[in-house]
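Grab a viewer and something to scribble on. Here are a few exercises to work through, each with a solution you can check against the coordinates.

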Amino acid sequence: MKELIKEQIIEAIHNASLGTFVGECCITTCMGWQQEYDAQGRPLRADPNYKDSSFLIEGVEYHVTREGWAAYIWKPGSGANYTTCWSKVRDNFLLAYVDLRPDYVKEYQEQQKHEREKDNKEA
């Protein structure tokens, strides 16, 4: 049962990325961004747009916001949406936060952090 719910959540996060939903509406922002790729042609920057969606598990509707490499799953009935991501009381509505960064992106970000620190010491 737990594995089935896990699969449903993963599918729902993927669907939220595509803008599909089961509830009354699906919201997305519309920002452009410049993509950057590694030597293997993999994207290093995630879509910066917020995408709200929802999914059903055992008859309960859960709302999810996908932003970049992150997914926020909100408590059922909380009324939370993408604007809640910026709220100081966000954690009151948050059921789960999912870091979706691939390992190669984590490594790239860590490398960039070390390079910035090195540059700051030299300056």
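The exercises below go from the overall fold to one helix and then to the aromatic rings. Keep in mind that this is a predicted model.

**Exercise 1. Work out the order of helices and strands along the chain, and how much of the chain is buried.**

Solution.
- Step 1: count the elements, and you get 3 helices and 5 strands.
- Step 2: read them along the sequence, which gives α-β-β-β-β-α-β-α.
- Step 3: turn to burial, where 28% of the 123 residues count as buried.
- Step 4: look at the outside, where the accessible surface is about 8,400 Å² and carbon and sulfur atoms own 52% of it.
- Step 5: check how the chain folds back on itself. Take the contacts with a separation of 6 or more, and 42% of them join residues 24 or more positions apart.

**Exercise 2. Compare the span of helix α3 with the expected value, then find where its buried residues lie.**

Solution.
- Step 1: α3 covers residues 103–122, so with 20 residues at 1.5 Å a residue, using one less than that number, the expected span is 28 Å.
- Step 2: from first C-alpha to last, α3 reaches 29 Å, close to that expectation.
- Step 3: pick out the buried residues of α3, namely Tyr104, Val105 and Tyr108.
- Step 4: look down the axis of α3. The buried residues fall within an arc of 95°, so they line one face of the helix.
- Step 5: flip to the face turned away from the buried side, and you meet exposed Asp103, Glu107, Lys118, Asn120 and Lys121.
- Step 6: go back to Tyr104 and look over its ring. The charged end of Arg42 sits there, 4.1 Å from the ring centre.

**Exercise 3. Which residues form one aromatic cluster with Trp86?**

Solution.
- Step 1: ring centres within 6.5 Å make a pair, and the count comes to 5 aromatic pairs.
- Step 2: take Tyr50 and Trp86, at 5.5 Å centre to centre with 85° between the planes. Over 60 degrees counts as edge-to-face, so this pair is edge-to-face.
- Step 3: place the two on the chain. Tyr50 is in strand β2, Trp86 is in the loop between β4 and α2, and they are 36 residues apart.
- Step 4: do the same for Tyr82 and Trp86. Their centres are 5.6 Å apart and their planes are at 90°, so that pair is edge-to-face.
- Step 5: put the rings together, and Tyr50, Tyr82 and Trp86 form one aromatic cluster.
- Step 6: check burial against the 20% and 50% cut-offs. Tyr50 at 13% is buried, Tyr82 at 19% is buried, and Trp86 at 54% is exposed.

Definitions and conventions:
Residues are numbered from 1 along each chain as its sequence is written. This is a predicted model: local features need pLDDT of at least 70, side-chain atom pairs count only at pLDDT 80 or more; totals for chains, interfaces and linings use all residues. Side-chain values use heavy atoms; hydrogens and water are left out. Helices (H or I, at least four residues) and strands (E, at least two) are DSSP runs, numbered from the N terminus. Buried means under 20% relative accessible area, exposed over 50%, partly exposed in between (1.4 Å probe, protein chains only). Contact means heavy atoms within 4.5 Å. Accessible areas come from the Shrake-Rupley method with a 1.4 Å probe; for residues, only the protein chains shown count as cover. The arc is that of the directions from the helix axis to the C-beta atoms. Rings of Phe, Tyr and Trp (its six-membered ring) pair if their centres lie within 6.5 Å; planes under 30 degrees apart count as stacked, over 60 as edge-to-face and the rest as tilted. A charge sits over a ring if NZ of Lys or CZ of Arg is within 6 Å of the ring centre and within 35 degrees of the ring normal.
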